[in-house]
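Visitor: I am new to reading protein structures and would love a close look at one part. Could you take me slowly through the place where the ligand sits, and what is built around it?

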Amino acid sequence: MSDLREPAPYDALLLLSFGGPEGPDDVVPFLANVTRGRGIPEERLKEVGKHYFLFGGVSPINGQNRALLDALRKDFADHGLDLPVYWGNRNWAPYLTDTLREMARDGHRRIAVLATSAYASYSGCRQYRENLAESLAVLEAEGLPVPRVDKLRHYFNHPGFVEPMVDGVLASLADLPEDVRTGARLVFTTHSIPTSAADASGPPEAHGDGGAYVAEHLDVARLIVEAVRERTGVAYSWQLVYQSRSGAPHIPWLEPDICEHLELLCSDGVPAVVMAPIGFVSDHMEVLYDLDTEATAKAAELGLPVRRSATVGADPRFAAAVRDLVLERAATERGLDRERCALGALGASHDLCPVGCCPARAARPAAAGADSPYA
Ligand SMILES: CC1=C(CCC(=O)O)c2cc3nc(cc4[nH]c(cc5[nH]c(cc1n2)c(C)c5CCC(=O)O)c(CCC(=O)O)c4C)C(CCC(=O)O)=C3C
Ligand SMILES: [Fe+2]
């Protein structure tokens, strides 16, 4: 009898994240890691470095991942799920390769991977799969056993991801002065990416303009707006806008930018705005700088009341969602039929990225997909 609470075949969970600097001396080497081989203009790097120096050279992301690790371990222990949890990053210590080496040495052979990005896109999905392939190649070259890694599906529409954000938007609305509250605009934000990357995101030919990346964000925005309507009785007007654009100015990226959009809303007479950063799993530097610093200053200049709603972070409902995703995938791998929790119009995302999903500009090996060179 196969128990749906069993993690088998998985023997460990890996939290896979971006990484960030932990002090002023880390900032430049961190940015060099992030932009290795990608031709980000030096001007942009200097500017991004300044954002980190404003906060003492410390990105909030590592602390948030430590809090998420604690929340996951607590949730697993409270629910009798015996599955060790490890953490590795793309761009800073603890580095992914070091973590996978440690996991292999600890005897783990079948690893479930949770990336701290909820949506499809090259940066949020395939690039993590490329990082996994690079690290597995190092283990192979060192003569270590190469574990099998399975990346858990995109969780943008999992209730444990959406519901904490609904609460966040409700709290921000409640925090606005009463006279502007019901007229407020809900402005959902996510990381801008090149329009070419957005259009190609997700399985080939599955979506129109903007690809899976935009479609998934729109689905989450609609879910939040609908939940807010149920709870407040107000059908708020809303938009999806973008932030944190980089890259050369002549290359089109997703628009409008949040700051330009605030100007437009102000000139349209919108009395207040809630900015909801649904593209981010926790309060990354993009949230602290681009929204809480830059966009908030822009709103103050315009005399427009704004609030920024909470990201999911280490919310216990998100930790429970991760447990659900692990057990769902474990059951699937054991050949069992199991409910796949998902809200909205798009349904649960695929387990295994098909060939050509979220393509890179230059093809590189990627693990945990149909085109993986590893089992
Ligand atoms: C879609 C997306 C996510 C969300 C999905 C996910 O979470 O993975 C994300 C997350 C993050 N991006 C981050 C930081 C940076 N991203 C950069 C550059 C870029 N991001 C891009 C996209 C995304 N990025 C793109 C298309 C570029 C340009 C090309 C490239 O370089 O790929 C650069 C270089 C300088 C610059 O151009 O701004 C930095 C420093 C941090 C850490 C923040 C912290 O420290 O708290 C996090 C969580
Ligand atoms: Fe980024």
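Guide: Here is a walk from the ligand outwards to the two domains and their sheets. Please keep in mind that this is a predicted model.

Let us begin with the ligand itself. Around ligand 1 there are 25 residues, and those that come nearest are Gly20, Ser59, Ser246, His284 and Met285. By kind, the residues of this shell divide into 9 nonpolar, 13 polar and 3 charged. Four helices each supply at least two residues of the shell: helix H1 (27–35), helix H2 (42–54), helix H5 (122–141) and helix H11 (285–302). The largest share, 3 residues, comes from H1.

Where does ligand 1 lie with respect to domain 1 and domain 2? Domain 1 (12–156 + 314–333) and domain 2 (159–308) both give residues to the shell, so ligand 1 lies between them. Notice in the numbering that domain 1 is written as two stretches, 12–156 and 314–333. Taken over C-alpha atoms, the centres of the two domains are separated by 25 Å.

The domains also touch each other: 27 residues of domain 1 are in contact with 23 residues of domain 2. On the domain 1 side, the elements that give two or more residues are H2, helix H3 (61–78), H5 and helix H12 (316–333). H12 gives the most to this side, with 5 residues. The residues on this side of domain 1 divide into 15 nonpolar, 8 polar and 4 charged. Two of these names should sound familiar, as H2 and H5 are also among the helices that supply the shell around ligand 1.

Now let us follow H5 to a sheet. This open sheet has 4 strands in the order S2-S1-S3-S4, with parallel pairing. Strand S2 (85–89) and strand S4 (148–151) are its edges, each pairing on one side only. From one strand to the next, the twist averages 30 degrees. H5 packs on this sheet and touches S1, S3 and S4, and its direction makes about 170 degrees with that of S4. Within the sheet, strand S1 (residues 12–17) and strand S3 (residues 110–115) run parallel and are joined by 5 bridges. If you want one pair to find on screen, leucine 14 stands opposite valine 113 in S3.

There is another sheet to visit. It is open, with 4 strands in the order S6-S5-S7-S8, and its pairing is parallel. Its edge strands are strand S6 (238–243) and strand S8 (306–308). Neighbouring strands here are turned by 25 degrees against each other on average, direction ignored. Helix H6 (residues 159–175) packs on this sheet, touching S5, S7 and S8, and its direction makes about 155 degrees with that of S7. Helix H9 (residues 211–232) lies across S5, S6 and S7, running at about 135 degrees to S6.

Strand S7 (residues 273–276) is a good place to end. It runs parallel to strand S5 (residues 185–191), with 4 bridges joining them. Arginine 185 stands opposite valine 273 in S7, and phenylalanine 188 stands opposite alanine 276. S7 is also joined to S8 by 3 bridges, again running parallel, and there valine 306 is the bridge partner of valine 273. Both faces of S7 are covered: Val273 and Met275 on one side, and Val274 and Ala276 on the other, are all buried.

Conventions:
Residues are numbered from 1 along each chain as its sequence is written. Chains are lettered from A and ligands numbered from 1 in the order in which they are written. This is a predicted model: local features need pLDDT of at least 70, side-chain atom pairs count only at pLDDT 80 or more; totals for chains, interfaces and linings use all residues. A residue is near a molecule or strand if its C-beta atom, placed from the backbone, lies within 6 Å of it. Ala, Val, Leu, Ile, Met, Phe, Trp, Tyr, Cys and Pro count as nonpolar, Asp, Glu, Lys and Arg as charged, and the others, Gly among them, as polar. Domain bounds come from an automatic or database domain assignment. Two strands pair if DSSP finds at least two bridges between them. Axes are lines fitted to C-alpha atoms, for helices over the stretch in contact, and angles run from 0 to 180 degrees between N-to-C directions. Two residues are in contact if their C-beta atoms, placed from the backbone, lie within 7 Å. A residue is buried if 20 or more other C-beta atoms lie within 10 Å of its own, exposed if 12 or fewer, and partly exposed in between; C-beta atoms are placed from the backbone.
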